[in-house]
Amino acid sequence: VKKEAEAAAALMVALANGDTAAADALATGTTTDSEAGTEVPSVLLVPQAIYPENVKDVIADGFTTVEKVCATPELEKACAANGIS
């Protein structure tokens with residue numbers, strides 16, 4: 001979510017300043033506009049899988065809380081094993 005927000009903010013700043021060239025330069029690929037059928041410059045990010053060893057990053061980024069992730073005794077053990085407390 002953080003990377004998506006940062007990309008969207010950078011695009012917004014460029015477009016708010018009327019700098020479509022800067023916005024286009026941020027594009028990492030294209031997406032087909034389903035109505036117009038044209039290719040649109042797009043910021044395409046690589047999805048990041050969430051595993052036990054990196055779920056603490058999601059918590060650190062504020063996307064969720066320890067209480068929500070470690071909600072059962074079994075999950076509490078898994079959280080402790082992965083440095084989440």
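Two exercises follow, one on a pocket and one on a residue.

This is a predicted model, in which local features need pLDDT of at least 70, side-chain atom pairs count only at pLDDT 80 or more, and totals for chains, interfaces and linings use all residues. Residues are numbered from 1 along each chain as its sequence is written, and side-chain values use heavy atoms, with hydrogens and water left out.

**Exercise 1.** Describe the environment of Asn 54, beginning with its place in the chain.

*Solution.* Begin with the location: Asn 54 lies in the loop between strand S2 (39–42) and helix H3, where helices (H or I, at least four residues) and strands (E, at least two) are DSSP runs numbered from the N terminus. Next, consider accessibility: Asn 54 counts as buried because its relative accessibility is 14%, and buried means under 20% relative accessible area, exposed over 50%, and partly exposed in between, with a 1.4 Å probe and protein chains only. Then look for contacts (heavy atoms within 4.5 Å): leaving aside neighbours within four places in sequence, Asn 54 touches Gln 48 and Ala 49. A polar atom of the Asn 54 side chain lies 3.0 Å from the backbone oxygen of Ala 49, and a polar atom of that side chain lies 2.5 Å from the backbone nitrogen of Tyr 51. Finally, the C-alpha atoms of Asn 54 and Asn 82 are separated by 8.3 Å, although these residues are 28 apart along the chain.

**Exercise 2.** Which helix gives the most residues to the lining of the largest pocket?

*Solution.* Helices H1 (2–16) and H3 (55–60) are the elements that give two or more residues to this lining. Of these, H1 gives the most, with four residues.

Conventions: Polar contact = N/O pair within 3.5 Å; in protein donor to acceptor, adjacent residues only side chain to side chain.
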